[in-house]
Amino acid sequence: MNLAYWIVAGLLALFYFYAGAIKVSRSRDQLRPMMAWVDRMPLSVLRLLGAVELLGATGLILPPLTGIAPSLAPAAAIGFVLLQIGAVAVHLTGEDRRITLNVGLIITATVTIWLATGL
């Protein structure tokens, strides 16, 4: 179970670290080709979303790695499930109805929660 957690959580953390970093660092024009919804959000919300993703990615890896507050790992994964439920809502209320990635991330985060409870 431990190895499975590190594989799944590591991949999830890599994805969110990348996604968070580009939301924090790139301009709206640079993000638009990848994310059709960026024009519907204030830039400050977009930056905050990126910061939350960076913190969540850190929360998946650092607590179990250090043994300090390991309960933060499933909390971070729960946060990602909630984040993606919100993302699905944003996609479905706009013109972009592609939610396959979001559903995949919800499933992956749910598996991470399950694996994290066994640590």
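**Exercise 1. Packing of helix α1**

Determine which helices the buried residues of α1 pack against, and identify the buried residues of α1.

*Solution.* In this predicted model, the buried residues of α1 pack against α2 (28-31), α3 (43-66), α4 (72-93) and α5 (100-116). The residues of α1 that are buried are Tyr5, Ala9, Gly10, Leu12, Ala13, Tyr16, Ala19, Gly20, Ile22 and Lys23. The helix itself covers residues 2-25, a run of 24 residues. From its first C-alpha to its last it reaches 33 Å, close to the 34 Å expected at 1.5 Å a residue.

**Exercise 2. Two residues, two environments**

Classify leucine 11 and threonine 112 as buried or exposed, and state which helix holds leucine 11 and which holds threonine 112.

*Solution.* Step 1: leucine 11 is found in helix α1. Its relative accessibility is 56%, and exposed means over 50%; leucine 11 therefore counts as exposed.

Step 2: threonine 112 has its place in helix α5. Its relative accessibility is 1%, and buried means under 20%, so threonine 112 counts as buried.

Step 3: the contacts of threonine 112 are then listed. Leaving aside residues up to four places away in sequence, threonine 112 touches Tyr5, Val8, Ala9, Leu12, Leu60 and Ala77. Of these, Tyr5, Ala9 and Leu12 are among the buried residues of α1.

Step 4: for leucine 11, a distance can be added. Leucine 11 and valine 24 stand 13 residues apart in sequence, and their C-alpha atoms are 20 Å apart in space.

**Exercise 3. Geometry of α3 and α4**

Describe how the axes of α3 and α4 are arranged, and give the handedness of their crossing.

*Solution.* Step 1: two packed helices are described by the angle between their axes and the distance between the axes. The axes of α3 and α4 come within 7 Å and cross at roughly 150°.

Step 2: angles over 145 degrees count as roughly antiparallel, so α3 is roughly antiparallel to α4. The crossing of the two helices is left-handed.

Step 3: from α3, the residues in contact are Leu49, Glu53, Gly56, Ala57, Gly59, Leu60, Pro63 and Pro64. They meet Leu72, Ala73, Ala76, Ala77, Phe80 and Leu83 in α4. By class, this contact has 11 nonpolar, 2 polar and 1 charged residues.

**Exercise 4. The loop between α3 and α4**

What is the phi of alanine 69, and how exposed is alanine 69?

*Solution.* Alanine 69 lies in the loop between α3 and α4. Its phi is positive, about 50°, although the residue is not a glycine. With a relative accessible area of 36%, alanine 69 is partly exposed.

Conventions
Residues numbered from 1 in each chain as written. Predicted model: local features only at pLDDT ≥ 70, side-chain atom pairs only at ≥ 80, totals over all residues. Heavy atoms only, no water. Helix = DSSP H or I, 4+ residues; strand = E, 2+ residues; numbered from the N terminus. Expected span 1.5 Å × (residues − 1). Buried < 20%, exposed > 50% of the residue type's maximum accessible area, 1.4 Å probe, protein only. Contact = heavy atoms within 4.5 Å. Axes fitted to C-alpha atoms, helices over the stretch in contact; angles between N-to-C directions. Parallel < 35°, antiparallel > 145°, perpendicular 65-115°, else oblique. Left-handed = near helix turned anticlockwise from the far one by under 90°. Nonpolar A, V, L, I, M, F, W, Y, C, P; charged D, E, K, R; others polar.
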